[in-house]
Amino acid sequence: MTNQNCGQAAITLLERYGVDTVFGMPGVHTLEFYRGLVASKIRHIAVRHEQGAGFMADGYARASGRPGVCILISGPGLTNAATPIGQAYSDSIPMLILSSVNATEDLGKGRGRLHEITSQQTVIAPLTAFSRTVYKAEDLPAAYADAYRIFEAGRPRPVHVEVPLDVLAGPAPALADRPPSVLPLMPDGSLVEEACALISKARRPVIVAGGGIIDHGPALTALAEQIGAPVIPTIAAKGAMSNRHPLCVDATLSLPQTQAFLRSADLVIAVGTELGGEADCWIDRLPIEGKLIRIDIDAAALTRDYPPDVAIHADGGATLAALAQSVGSSRSQIGAVDVARLRAEIRNSLPSLQRKHMLILEALREALPRDGIVATDMTQLAYSGSYHFPCEQPRCWFHPVGYGTLGYGLPAAIGAQLAQPHRATVAIVGDGGLLFTVQELATAVELGLPVAVVLWNNNALGQIAEGMKERGITEIGVRPRNPDFIKLAEAFGCRTAQPSSIAAFKAALESAFKADRPTLIEMREDAVFLGG
Amino acid sequence: MRTVGMYLAELLEAYGVEVIFGIPGVHTVELYRGLPNTKIRHVTPRHEQGAGFMADGYARVSGRPGVCFIITGPGMTNIATAMAQAYADSVPMLVISAVNALGQIGSGEGWLHELQDQRQLIKQVSAFSHTVMTPAELPRVMARAFALFAGSRPRPVHIELPLDIITAPADKLPPIRAIVPPSPPAASPSALQEAANWLNIAKAPVLLLGGGAQDAGSFVRAIAEKLDAPTVMSVNGRGLLPPRHPLAVPCSPSMPPTMKLIEGADVILAIGTEFGSTDYDWFEQGGAKFNGKTIRIDIDAQQVVRSRQPDLPIVADASEASSALVPLLSSAKRDGAARAAAARDAVLADLSRTYRACLHLMETVRDALPGAVLVGDSAQPVYAGCICYPSAAPRSWFCSATGYGTLGYALPAAIGAQLAAADRPVVCLIGDGGLQFTIAELASAREAGTPVIVLLWNNNGYGEIKTYMVSRQIHPIGVDIFTPDFQVLAKGFGCEAVTLKKPSDLPGLLREAAKRKTATIIEIEENDYVANYEG
């Protein structure tokens, strides 16, 4: 141990925190981390672009609940991953980014060093919970400890730890054991009483559940049943409460019917959600007109935009459990019947393109085991799925909600499959989005991952083309000339399928899940069997 | 109603912008409303990183800023790497983006594409970054951007427009008008006279030229010839003296023979070079010792004293200063050709067979396709080129191995270069690892009708890093990666692809590719080429 350098110690320390997989691409600046990796049990996943590393770490984190870890070179390695780090920030995904940075004596001097940037930290800091430079090797263990405190008990977000080249190659710090885990923040008793008082008076209580309760489905379901409150999950909370539960609304906050339903509530309990602007609901403001109880682990999120009547700064799961314990009888007059009516209303008014989407999504649901994972990109098929694809388990549907990036789906599916090797994994991507990160097909082939890549091909940036048309803008740059995706996938060594019926689509999925490599399944929006 | 977005398109046209690179998104559609009424061409990349690198290649060949339209958030973080490369290599670029509406910026309310503070990120990779808070600012900030491109160290400029400003009425804005570009700063006559006094009595002067001197070719050549001074050109200064010029030292100042030449100089005249370590100290041993007096001419007052503090700093544009210096110099023989040849020959003699093969490859391109632009990635042949490729002319050879040192640059930059130089062959020199970074831009090349020639140096992995690992006694990990079938891949993108069978076939394949209307990949197995080339 005494012969280790700081780079090797950084890896040993990752092992102590239970990290089993890291994503990255070695470069001149990160070699000393790799010296440590060789001797470690941690699996290194070599990507084709650091953007892929970031999205894979995100998919890994969403699928496992543990932080995704990347090792990135100074400068371009880090700026290449900026978009996935931004995505993880906006969706509260735990991620640990270890990077190099130029030597201590070179920082900020504008000397034109390789991979130099005016201030790497200034670029990355706004995308993270915190960004720390390890100026002395002794600071390294504390940086990890602080990061894991956030992952365990705070609002999980990316943390960036950068080590200057001279520190990285210098002697290792003394490594203590991993500090004990931090308990989640418990709710204040008197606030719980206040909240219970509001709940017991409510006739039409509704719960809006966000990604913060993804692992607290049982507590959520128990409270909802106890107080007779329908639950509207956000996209990030899909599956925490089974979509088949009679009190569970689809993740449809962006639809007018669900907004009207929300407006009729005399009490809204918003838990673990930022009540995000257009990212989840596509309108400036959700119609919350009754009382509002907000529960969030992030104090700043408690009062943002929607001033609450009761604000509880605590862990969502712990608070839901405390509420269930303290709340008395319910006077709720809404329930399963209202939810069923709302669902029917939504289903009956779907526009034709979305009906087409539903044909595919229903087939996917039938072919995909209950615990199957779907990582989706920014594409119209995925938007429909985000609302309507039923999930019975949490951590099964991933969508880049807030930041809204293209190119997320494929690498996120790869990361998810690595975290859950025995669960069927699907990527839903559009033709525009797939090209953003298509090279990661090579990574999936190299790893022999049976990811099913469902390509929704409408030969366009469809959403944007519609937007231009609606606004009377001449279409520019939205009808790109597409490659032959089948040839492309074959060149990467993938299996391919172009189903000509729904049955063939299901068969293609089922054989994809059993394969020894990824399968690209191309679905054309204008296919005859989808109604042309 | 004419909106600010429409005004912007007309304003850019007035500034002579010919091409805009971008992927339209929900946040930028209103920037596109006015575009069809202009003569500006729009090119759609497949990733915003491609947009940035295309703009970079366009700018390096044309000398004019490359312009991009980029969405809020992910579009900006996607283009960050490309802006940083342009920042490090002083390339003019104008990135116009959307940002969330006034009242939403910085709220943390979870708006689509929201960042805590977009400008905080981007100003680290820009000369300046500006948020247009009121429509009236737009023509003013645009004037500032183009003044910077014309009159100071060129670097990316970022202008962001909140969503509600893009759609605001432009009726109170002044008529469309481009400012007269300011002339770049000239040198102080007394400082130049002092420089001339030193140089005229020097016994062994040496010229060090960087990318800042790119457009001062005839003047720096006259200076070199009058002084009979060997002229060392950094990667971005290559070609300022043509390949067979007796004073040309198109060799990296990191190489020991070049260092020896510099160390023997009694007066060093450095023009438009930042003395960055990727040129001057690649091996991180401290670089050449400057034993003589140093005169530095740089347009950037901070840069003129950075890294190497000169005895005589002169803040001025390279062309202005050089043209004014020429008449102050007296001609004298100083054994320049012999000193230059000694350095040049020794650098070549020290090259490994692999690097010689790489150099042979580049010279084959230069000689088979006269006037070609050669765009390099970070790849083995490109490193050889950085060491000693004698480019035929300035703005004809550049790469991303200098400065920021990114992978995936060369293909999109070549597409941008081709758009700026439709009548010249453009050749992209890239490794298999680098090509996978931005491979999707083959679709853009096909769509834009840019027949770039991709020389793919295939060593089935990250060869350069593997060598590094082995040299540091680290067991190679993550470098022997699975490589796709590039032949099928290229055809899937609608491009041509061929495999080089023997090195002597290359000129013919290049000439055939240059006649095509589509892009061509010429795949070269590193081991085959190194074993079989004759040079």
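**Entry 1: A:Arg423 and its partner**

I looked up A:Arg423 in this predicted model and found the residue buried, with a relative accessible area of 15%, which places A:Arg423 under the 20% that I take as the limit for buried. Its side chain meets that of A:Asp371 in a salt bridge, for which I noted 4.0 Å from N to O. I then checked where the two partners sit: A:Arg423 is in the loop between α18 (409-419) and β14 (425-430) of chain A, while A:Asp371 is in the loop between α16 (352-367) and β12 (373-376) of chain A, so that the pair links distant parts of the chain, 52 residues apart. For A:Asp371 I recorded a relative accessibility of 27%, and this residue therefore counts as partly exposed, since that class runs between 20% and 50%.

**Entry 2: a pair inside one helix**

I next turned to A:Arg62 and A:Asp58, whose side chains meet in a salt bridge with 2.6 Å from N to O. Both residues belong to helix α3 (residues 50-64) of chain A, where they are four residues apart, or about one turn of the helix. I asked myself whether A:Arg62 and A:Asp58 are buried or exposed, and I found that both A:Arg62 and A:Asp58 are buried.

**Entry 3: B:Arg395, looked up twice**

In chain B I followed B:Arg395, which forms a salt bridge with B:Asp215, and I noted 2.9 Å between the closest N and O atoms. B:Arg395 lies in the loop between α15 (380-388) and β14 (397-399) of chain B, and B:Asp215 in the loop between β7 (205-209) and α9 (217-227) of chain B, so this pair ties together parts that are 180 residues apart in sequence. The accessibility of the two partners falls into separate classes in my notes: B:Arg395 counts as buried at 17%, whereas B:Asp215 is exposed, with a relative accessible area of 54%.

I came back to B:Arg395 for its backbone, where I found a positive phi of about 60 degrees although the residue is not a glycine. I wrote this down because most residues other than glycine have a negative phi.

**Entry 4: B:Phe275**

I recorded a positive phi for B:Phe275 too, near 55 degrees, again in a residue other than glycine. B:Phe275 is placed in the loop between β10 (267-271) and α11 (277-280) of chain B, and at 5% relative accessibility the residue counts as buried.

**Entry 5: salt bridges over the whole structure**

How many salt bridges does the structure hold over all chains? I noted 43 of them. I also looked up a network of salt bridges, in which A:Asp106, A:Arg111 and A:Arg113 are linked with B:Asp281.

**Entry 6: α3 against α16 in chain B**

For helix packing I began with helix α3 (residues 48-62) and helix α16 (residues 410-420) of chain B, which pack at an angle of about 45 degrees with their axes 6 Å apart. That angle makes α3(B) oblique to α16(B), and I noted that their crossing is right-handed. On the side of α3(B) the contact is made by residues including B:Phe53, B:Met54, B:Tyr58 and B:Val61, and on the side of α16(B) by residues including B:Pro412, B:Ile415, B:Gly416 and B:Leu419. By class I listed 10 nonpolar and four polar residues in this contact, with no charged ones.

**Entry 7: α8 against α12 in chain B**

I then looked at helix α8 (residues 189-200) and helix α12 (residues 318-325) of chain B, whose axes come within 10 Å and cross at roughly 55 degrees. These two helices, α8(B) and α12(B), are therefore oblique to each other, and I recorded a right-handed crossing for them. The contact is made by B:Leu192, B:Ala196 and B:Leu199 of α8(B) together with B:Ala321, B:Ala324 and B:Leu325 of α12(B). When I sorted the residues of this contact by class, I obtained six nonpolar, no polar and no charged.

**Entry 8: A:Thr12**

My last look-up was A:Thr12, which has its place in helix α1 (residues 6-16) of chain A and is buried, with a relative accessible area of 12%. The C-alpha atoms of A:Thr12 and A:Leu37 are separated by 8.5 Å, and the two residues are 25 residues apart along the chain.

Definitions and conventions: Residues numbered from 1 in each chain as written. Chains lettered and ligands numbered in written order. Predicted model: local features only at pLDDT ≥ 70, side-chain atom pairs only at ≥ 80, totals over all residues. Heavy atoms only, no water. Axes fitted to C-alpha atoms, helices over the stretch in contact; angles between N-to-C directions. Parallel < 35°, antiparallel > 145°, perpendicular 65-115°, else oblique. Left-handed = near helix turned anticlockwise from the far one by under 90°. Contact = heavy atoms within 4.5 Å. Nonpolar A, V, L, I, M, F, W, Y, C, P; charged D, E, K, R; others polar. Buried < 20%, exposed > 50% of the residue type's maximum accessible area, 1.4 Å probe, protein only.
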